[in-house]
Amino acid sequence: MIANRLTLGVSVACGILACAPLGAQTVGDQDITGPYRVVENWLKPMPWHADGLTFGLIAAVYPDTPDRIFVLQGGDLPDPRPARGPGPRSNADHIQSHFVLVLNRDGEFVDSWTQWDHLFVRPHKVAVNPYDPDRHVWIVDDWASQIFKFTNDGSELVMTLGEREVTGDDETHFARPTDLAFLPDGTFYVADGYVNSRVVKFNEHGEYLLEWGSAGTGPGQFQLVHSVKVDADRRVYVADRRNARIQIFDQNGRFLEMWDGMAQPSHIVVAQDQTVWMSDPTLNRLVQFNLGGLRLTHWGAAGSYPGAFSNPHHFDVDSEGNLYVADYANYRVQKFVPRQDADTRRLIQPAFVSINRARR
């Protein structure tokens, strides 16, 4: 029988701790921003927004440094935006421009990679391999079914995986991939994705190594592979979104366990303290688990006011502990800074990076 460590852990915790989350709370308190203070109106209009444009749907944010924040949007929108809400191809009304933005710590314009606008259809995730001394920038474009690797300044495209808008499940094609995770030896995993139901492993040169997964509800099967991350023991965490669970594998795809019975996980961060955070687009909150799958705390609320979410699609933390959330259906990025009196156990630490970079 498969051990459901999440259900077991919560049952034990409810008997001992009455399921109370970490940190003091007031009766009736929604705990909207948890241990953080939201920086209201952090995301500033871009210079070209004076021409009657505004932000499109924002899928991803990555703080390369506290003063260099990458933001991915589906392209600009007319201001005011079309009345149509998010849909299956929710960038249909977008203007195909300014997909990749670079901002400073105050949410102000630094750069836009318009020289690469012709490559993108709808970029979905942005990441930097923390083991790469040159800090190349990787962008996953789910609608293009491609993955791109750029120099950090965006001056050069150094690798392309997949074929533009050609889907497949072989060694050289994807079907709407969603995320990346890196190992110290340069190998990396691709979550593939919205159409395919698999995780694919490549070497540092982008050469296919192995894959696992199929469509379904059993162990090692997926229904929308939306995020992938790795912990200190090289266990691979996969957000199996439509199955409402996280599955865990060894580095070669052998099934280890699953945490089920949860809301739909969107993005995963394995933090330096080896706790696992996920964004929940159904309840619009961020949730923390220990490595046994026990929920430790959560915070967040649905809405469009400062600090609330409408599909927190992607989140990450900079080296100063500031939290950035791509608030997808609110067409914004939100920045949160730790409160001075915060319970530090509830703060999201920066993503885990192994100190052992030796090849295996």
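1. R346 is buried in this predicted model, with a relative accessible area of 4%. The residue belongs to the segment that follows strand 28 (332-338). Its side chain is engaged in two ways: a polar contact of 2.8 Å links it to the side chain of T297, and the backbone oxygen of H298 is reached at 3.2 Å. The neighbouring stretch of chain is remote in sequence, since R346 and L296 are separated by 50 residues but by 8.4 Å in space, C-alpha to C-alpha. The assignment as buried follows because 4% falls under the cut-off of 20% relative accessible area.

2. S145 offers another buried polar side chain, at 1% relative accessibility. This serine is placed in the loop between strand 9 and strand 10. The side chain of S145 reaches the backbone nitrogen of R176 at 3.0 Å. Beyond its neighbours within four places in sequence, S145 is in contact with L161, G162, E163, V166, T167, F174, A175, R176 and P177. R176 therefore appears both among these contacts and as the partner of the serine side chain, while S145 itself counts as buried.

3. The largest nonpolar core has 17 residues, and the members that touch the most others are F70, V100, W113, F120, V126, I139 and F150. At least two residues of this core come from each of strand 3 (58-65), strand 4 (68-73), strand 6 (100-103), strand 8 (123-128), strand 9 (137-141) and strand 10 (146-150). A second, separate core comprises 16 residues, including V38, W277, V317 and L347.

4. Which residues does F70 touch, not counting those up to four places away in sequence? The list is A60, V61, Y62, D64, V100, L101, V102, W113, V126, V137 and N152. Among them, V100, W113 and V126 are also named with F70 as residues that touch the most other members of the largest core.

5. Two peptide bonds deserve inspection. Most peptide bonds are trans. The bond joining D79 and P80 is cis, with omega about 5°, and P80 sits in the loop between strand 5 (77-78) and strand 6. The bond from D192 to G193 is also cis, with omega near -10°; G193 is located in the loop between strand 13 (188-192) and strand 14 (198-202).

6. Backbone torsions raise a related point. Most residues other than glycine have a negative phi. L224, although not a glycine, has a positive phi of about 80°. L224 lies in the loop between strand 17 (221-222) and strand 18 (225-230) and is buried, with a relative accessible area of 3%. Y331 likewise has a positive phi, of about 55°, and is not a glycine. The position of Y331 is in the loop between strand 27 (323-327) and strand 28. At 14% relative accessibility, Y331 counts as buried, because the cut-off is under 20%.

7. For the protein overall, the secondary structure consists of one helix and 28 strands. Of its 360 residues, 59% are buried. Among contacts between residues at least 6 apart in sequence, 52% join residues at least 24 apart. The accessible surface amounts to about 14500 Å², with 51% of that area belonging to carbon and sulfur atoms.

How values were computed
Residues numbered from 1 in each chain as written. Predicted model: local features only at pLDDT ≥ 70, side-chain atom pairs only at ≥ 80, totals over all residues. Heavy atoms only, no water. Core = buried A, V, L, I, M, F, W, Y, C linked by side-chain atoms within 4.5 Å. Buried < 20%, exposed > 50% of the residue type's maximum accessible area, 1.4 Å probe, protein only. Helix = DSSP H or I, 4+ residues; strand = E, 2+ residues; numbered from the N terminus. Contact = heavy atoms within 4.5 Å. Areas by Shrake-Rupley, 256 points an atom, 1.4 Å probe, with all protein chains shown as cover. Polar contact = N/O pair within 3.5 Å; in protein donor to acceptor, adjacent residues only side chain to side chain.
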